[in-house]
Amino acid sequence: MTKVNRLAEGRKKTLLDLVSGRRFRTGWKSFIILFFIIFVILPTVWILSYVVTDWSSIQTEVFDKPEIMQVITDAIIASFEIAIIVTVIDIIVGLPMAWIMVRKEFKGKQYLDTLIDMPLAVPTAALGFSCAIFWAVTPDKVNAPDFSLAFITSPFMLIILLHVVFSYPYMVRSLSAILEQIDQTYETAGRTLGASKFTAARTITLPLFRAGLVTGIILCLARSLSETGGTMIALSTMANAGTFETGPTIIGKWKALLSTNPDLAAPLAFVSILLIVISLVLLVVLKLMVMKVRLPAGKVWPKWERTLSRNWVPKLKDGSAIIFLFIFVLIPSFFIFSYVLVSPSAITEWGTFWNALIYSFIIAGIVTAIDIVLGVPMALYIARGHSLKFPQFLDVLVNVPLIVPTAALGYSLGVFWKGVPGIGSLDFVLIIMAHVAFTYPLVVRNVAGAVEEIDPSYEETARTLGAKPLQAFRRVLYPMIKASILAGAIMAFTRSLGETGATLAVVSSANTAPVYIVNLIKADQFYLAAMACIVLIIVSYIFMLALRYVTKRRTD
Amino acid sequence: MPEVVLRGVSKKYGKVVAVDDISLTIKDGEYVTILGPSGCGKTTLIRMIAGIIQPTEGQVFIGGKDMKGVEIEDRDLGYVFQNIALFPNLNVADNVAYSPRVKDRPAEEQAATAKKYLELVKLLDRMSMLPGELCGGEQQKVSLARALATGSKLLLLDEPLSALDARVRMDLRYDLRRLVKQLGITTVHVTHDQEEAMSVSDRIVLMRKGSVMEMGSPEQLYTKPQNMFTANFIGETNFFEGWVKERADGLSKIELRDGSEMSVANCPFDKGTAIVVSVRPEFVFPFTSGLHAKITSITYMGTYWRISTEADSEDEVELDVPVADGSLYKIGQEVYLMVNRKAAIVFPRPREGIAEAISLE
């Protein structure tokens, strides 16, 4: 061995030794946890402290101004009403669809499978426009195609129809995932005991379903409560939306006015607090309720339930589930394509859009990189320590940014960093931090889920063979979880790319692609907006295909 | 009354034939075991009786009624699953009361039925526990009680004991037979365990590759198997390859591959026919003369020693000797073996070879 080689060897060893040392590892672990707490959790809920520090301004600016109070209560009530109605619709139509996907074998099933995920490829900003021109009565300047349905005049109805589109895939996926894990023998056993198909499903499978139902409900509620860009666009596109606002849109609107009207700080904080608190309370209540409350499954009506199990009834049910998918989910998602085909071309300039798109890409890229570097260690810590109290606690905490409506999260984060000199004024950094906060859980959840399924004995074997912890991770664990890391990364990337609410709430003049589209709509540049939407759909679709490819390979 | 009749029943999955043209009658009150190696189609068969899967061809009759188009829940039968399949969200009593409940019987009747059948399997004290809190044997007993609580006179058991520990399995199979006989229930029991089949059945239907090889009482199948597969699958046996050298009514002479001779009492084949003689280990004895063989292994079995030998005729021969005689034998020792000529059964030598004729797949 030459001297140089030995020297290199020696240096490499010290570096590896250094990172393998107990002290370094403890330090690194603490850093990861501190990052999570300071950069993700604290900013997310920071606004709650406003209640203590600045109650007096809430008193004067909100409670003493009935017109502001009225706007806030209307918006919050509308938000939760919409979220709850949307979730109920999703359950009713998602359940039969999940049943079809899991329990039925038929030709073309894989196409149906792809179709269900299609709306996920459409950024909500594009969905908002697409849904609005399909369902709603629009002013002449929009130039909606003649064959659009154009009969919805209530903004409340339109937003429900919009939110169903993007929350439906989440519900169907959560329900199918849990249904797949329920042994079909239970139902067969029920039937040998004299229960009709419907009775067996109702009395046995559904009660076993509860955990999956909670996941689906939480995902739907959270997505609906968070959605900003699509909602704003739909409201701006339809005729006579009036003063209708949801929680997130009012945050976006007021945030933009904040520079000229500083009095809005207190109402903004108040709306954010309400959204955060009610969401978290709802989450806890749901978890408790669904676990504790028993569904009233006692009484059985054999004759009626038999009728429901036979002949035309199941066919009608399956048929309606598929018709619903097409009319309420797929056609509204992609109606935008017909718009650019029939409307006269009116492109003024593309430059700003490409700039916005590139800006969005850079942000999404940096956000994803941060998520991976700091999220994967967190996931390992949670997954490998799930019998300990603290990692369990972190596991619960990680979900909080997923539940908190992103507009509220963005505003809270903005307020948190405003006081910090050097950061508070850097729009770019603020946007990245906001996006990290709500995408970080996606990576952690994905990776932690994968790690939990891998037997720790693999790493332990590597350690007994002399590998340092870092080597054991790189050589043994990493190859096994690579696909999940990638899957988490792609989810984080697309979420960041499509996000409007958090961006607007943290920096109202931000210039990301979805925000740019919102602004185009507000400026009546409908054709350019539609084209921009389509570009965004194509880009997202490519990423979704990549995600499918990656996750398929993981399961094979 | 539930007599089960299968008429030319087949099940095909594409080109794979799982069950091939089976006709079978199970009489009212009979306990029939469908026995066979895994993959022989026995579970497919019982599932077609239950209506869980539909036959590609043929008809299933229960109590004289054609079951075509009749849903599982209308076939009036009890079914016990291999994986037990107790509803995890219901306690023991609610599991057993499930059948009366889905038939909308009055609440008192539901409770009384649950109590009655739990008493029958002696698990009344477990009533309010969840299935997960019971051990495997208890779970399967509850599942049996649940199937019986349908009040049906036809019980289908799909490998009911396979998932259980050996000891529990032994105890439970006696309970099983005692209960169904006491209740006068027609039973179809699927298993791959020949010992289990022998000890519970009135009649065994032996299946292989989707077809019925043979059926008969356990004793018939053991003492007078009609083919080599049965002789080998039920119990244990030694095969000797040879030819008929001399045929007589009382005693026929068989010549083995090394030229040595063996006498058998019943040989239905003519002189010169290539045959295989089957003799069970308990009918082979060490003697002062006979087949010359060398001991290859000796195994202690508790109540006897199992001695494996290789005869000069290249046939592998196993025999059992009493515990007390164990010390008389050593590996490598040369012995002479005699067979009980009345217990020897002669089969024509299969063209495909012995290994193929007795292979499980």
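Visitor: How many helices and strands are there in chain B?

Guide: This is a predicted model, in which local features need pLDDT of at least 70 and side-chain atom pairs count only at pLDDT 80 or more, while totals for chains, interfaces and linings use all residues. Residues are numbered from 1 along each chain as its sequence is written, chains are lettered from A and ligands numbered from 1 in the order in which they are written. Helices (H or I, at least four residues) and strands (E, at least two) are DSSP runs, numbered from the N terminus. On that basis chain B has ten helices and 20 strands.

Visitor: What percentage of the residues in chain B is buried?

Guide: A residue is buried if 20 or more other C-beta atoms, placed from the backbone, lie within 10 Å of its own, exposed if 12 or fewer do, and partly exposed in between. The C-alpha trace of chain B spans about 75 × 45 × 35 Å along its principal axes. Of the 361 residues in chain B, the buried share is 43%.

Visitor: Which strands stand at the edges of the open sheet in chain B?

Guide: Strands pair if DSSP finds at least two bridges between them. The five strands of this sheet pair antiparallel in the order S13-S12-S11-S14-S20 (chain B). Two of these strands have a single partner strand each, so one side of each is left without a neighbour in the sheet: S13 (261–264) and S20 (345–348) of chain B.

Visitor: What is the average twist from one strand to the next in the sheet S13-S12-S11-S14-S20 (chain B)?

Guide: Axes are lines fitted to C-alpha atoms, for helices over the stretch in contact, and angles run from 0 to 180 degrees between N-to-C directions. From one strand to the next, the five-stranded sheet S13-S12-S11-S14-S20 (chain B) has an average twist of 45 degrees.

Visitor: Which residue of S13(B) is the bridge partner of Ile254(B)?

Guide: Strand S12 (residues 252–256) of chain B runs antiparallel to S13(B), and four bridges join them. Opposite Ile254(B), the bridge partner in S13(B) is Met262(B).

Visitor: Which side chains of strand S17 of chain B point to the buried face?

Guide: In a regular strand the side chains alternate between the two faces of the sheet. In S17 (residues 304–311) of chain B, Tyr304(B), Arg306(B), Ser308(B) and Glu310(B) point to one face and are not buried. Those that point to the other face and are buried are Trp305(B), Ile307(B), Thr309(B) and Ala311(B).

Visitor: Which residue takes a positive phi in the hairpin of S17(B) and S18(B)?

Guide: S17(B) and strand S18 (residues 316–322) of chain B run antiparallel and share seven bridges; Ile307(B) has Leu319(B) as its bridge partner. Four residues lie between the strands of this hairpin, and the one with a positive phi near 75 degrees is Glu314(B).

Visitor: Where in chain B is Gly51(B) found, and which residues does it touch?

Guide: Gly51(B) lies in the loop between helix H1 (42–50) and strand S4 (57–62) of chain B. It counts as buried because it has 24 C-beta neighbours inside 10 Å. Contact requires C-beta atoms, placed from the backbone, to lie within 7 Å. Not counting residues up to four places away in sequence, Gly51(B) touches Met67(B), Val70(B), Glu71(B), Ile72(B) and Arg75(B).

Visitor: Which element gives the most to the side of chain B that touches chain A?

Guide: The contact takes 21 residues from chain B and 17 residues from chain A. Strand S6 (78–80) and helix H3 (98–102) of chain B are the elements that give two or more residues to the chain B side. The element that gives the most, with four residues, is H3(B).

Visitor: What term describes the orientation of H8(A) and H12(A)?

Guide: Helix H8 (residues 155–181) and helix H12 (residues 229–237) of chain A pack at about 140 degrees, with their axes 10 Å apart. Angles under 35 degrees count as roughly parallel, over 145 as roughly antiparallel, 65 to 115 as roughly perpendicular and the rest as oblique. H8(A) and H12(A) are therefore oblique.

Visitor: How do the residues of the contact of H20(A) with H21(A) divide by class?

Guide: The axes of helix H20 (residues 406–418) and helix H21 (residues 427–452) of chain A come within 10 Å and cross at roughly 130 degrees. The contact is made by Thr406(A), Leu409(A), Gly410(A), Leu413(A), Gly414(A) and Trp417(A) of H20(A) and Leu430(A), Met433(A), Ala434(A), Ala437(A) and Phe438(A) of H21(A). Ala, Val, Leu, Ile, Met, Phe, Trp, Tyr, Cys and Pro count as nonpolar, Asp, Glu, Lys and Arg as charged, and the others, Gly among them, as polar. The contact of H20(A) with H21(A) thus divides into eight nonpolar, three polar and no charged.

Technical notes:
Two residues are in contact if their C-beta atoms, placed from the backbone, lie within 7 Å.
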